[in-house]
Amino acid sequence: MASCSSYSSSRAAAAHLVRLLLVALLLAAGWARATAAKNDTQRFRPGDELRRYRRVQALLKRLNKPALRTIQALTLLARLSACVSALQSPDGDLIDCVAAHLQPAFDHPRLRGQRPLADPPARPKGHHHSRRPSNDTTADAGVQLWAASGEACPEGSVPIRRVTEADVLRASSVRRFGRAPASRVRRDSVSGGHEHAVGYVAGDEYYGAKASINVWAPQVSTASEFSLSQIWVIAGSFGNDLNTIEAGWQVSPQLYGDNAPRFFTYWTTDAYQTTGCYNLLCSGFIQTNSRIAMGAAISPTSAYNAGQFDISLLVWKDPNHGNWWLEFGSGELVGYWPSLLFSHLASHASMVQFGGEVVNTRASGSHTATQMGSGHFAGEGFGRASYFRNLEVVDWDNSLVPLAAGFHVTADHPSCYDIQGGVNAVWGNYFYYGGPGRNVRCT
């Protein structure tokens, strides 16, 4: 009897211990779940997410104006049929045809209630709509995929690429959407990871610039990087008062959500801090053209040892009204930047720059493999390296003139991206530029 009693007591004690352990485990599990839920709540922060959602929707409402008609680039696939193989894939953009007087420019407090100018600007003397010499083997890359089927916006409206929620959410912040990083200040600085290979003139009064720019589709390594080729019209110091007008083509996955080269513009009056933006993503630039959409993909593009395609761009200050106008291709007036947007550029530019720029985030711990231009160095020449040709500036007399002897070329990191200039009878002032980024000499 004594042994049976001891055995029963031991079993009871063991069972009690097991119950205590189970309770402890259940309490620990509950605490863990509660802690995880608390952490998830802290990470999610419903209030912050709701505020961000409202900011995004407010921005979309401000930028996407009521459309008279919408053209969807994706539907062009069937219509292009046999021709589509000669073009890039349709880009899927939605193009809204917006009444010209309702475009984002007229949200600007000093432009509100106005309409686009009806009078055409006085084009520079010596301008011949980019006629090509008979021995020129290049061709125009002037087709925008959304309009490749012949569709266009009605008279009195302008085509505007619709901004989507996904576009905004790719940006570093809602506030910075459509704007370049504020670190993008100097052509001779690599602060913020911006690297350049450019040609420039400075030290005079400039009233515009013109060039034909070879179009490629460079590879961009990460979504937060870009590769572009453009004209800069610059005034002011390289401090907080920097004024620029910029136009060219760029590959920017963060801004557009793909790797297609796209026609773009930019402007700023305070060194990229709070003023200006890409394309029509803020109030400022006034579009007058119903056939060209800023931010839309360009086609066709150049290929290595194959066809070479370029776009001609002219930016100049109209002597009659003082506004800065933009021409794309063979005589297509795109629109203008009102002079009232600017401080220094209200009168003239003090520097003109042509060339390429990339962002190098060093995401992998070494130099980026993002390409500039064709992704090949300048020394490879025509058909392999990207080029700018027929470089000219507009002088005080509203005349297009060749670049003076003070034209210089420079590259921030020649082992990564370089540049070589020249002059000949067909291309006038020109240069080859670009490179692959990371390689055995660029790490």
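These legends go with an overview and close-up views of the disulfides in a predicted model.

**Figure 1. The whole protein, before zooming in.**
Start with the full chain: 443 residues, with 50% of them buried. The secondary structure comes to 5 helices and 21 strands. Take the contacts with a separation of 6 or more, and 75% of them turn out to be between residues 24 or more positions apart. On the outside, there's about 19,600 Å² of accessible surface, and carbon and sulfur atoms account for 56% of that.

**Figure 2. How the cysteines pair up.**
A quick reminder for this view: a disulfide is a covalent bond between the sulfur atoms of two cysteines. With sulfur atoms within 2.5 Å taken as bonded, the model has 3 disulfides. Number the bonded cysteines in sequence order and the pattern reads 1-2, 3-4, 5-6.

**Figure 3. Close-up of the Cys 97 and Cys 153 disulfide.**
Here the two sulfur atoms sit 2.1 Å apart. This bridge links distant parts of the chain, with its cysteines 56 residues apart. Cys 97 belongs to strand β2 (residues 94–99), while Cys 153 is in the loop between β4 (143–144) and β5 (157–161). The S-S torsion is about -80°, so this one is left-handed. Are its two ends buried or exposed? Cys 97 is buried, at 0% relative accessible area, and Cys 153 counts as buried too, at 7%.

**Figure 4. Close-up of the Cys 277 and Cys 282 disulfide.**
Cys 277 and Cys 282 have their sulfur atoms 2.1 Å apart. The torsion about their S-S bond is about -80°, which makes the disulfide left-handed. Cys 277 is buried, with just 1% relative accessible area. Cys 282 has 16%, and because the cut-off for buried is under 20%, Cys 282 is classed as buried as well.

**Figure 5. Close-up of the Cys 416 and Cys 442 disulfide.**
In this view the sulfur atoms of Cys 416 and Cys 442 are 2.0 Å apart. What does the bridge hold together? Cys 416 lies in the loop between β19 (408–411) and β20 (418–424), and Cys 442 is in the segment after β21 (428–434), so the bond ties together parts 26 residues apart in sequence. And which hand does this disulfide have? Its S-S torsion is about 95°, so it's right-handed. Both cysteines, Cys 416 and Cys 442, are buried.

Methods:
Residues are numbered from 1 along each chain as its sequence is written. This is a predicted model: local features need pLDDT of at least 70, side-chain atom pairs count only at pLDDT 80 or more; totals for chains, interfaces and linings use all residues. Side-chain values use heavy atoms; hydrogens and water are left out. Helices (H or I, at least four residues) and strands (E, at least two) are DSSP runs, numbered from the N terminus. Buried means under 20% relative accessible area, exposed over 50%, partly exposed in between (1.4 Å probe, protein chains only). Contact means heavy atoms within 4.5 Å. Accessible areas come from the Shrake-Rupley method with a 1.4 Å probe; for residues, only the protein chains shown count as cover.
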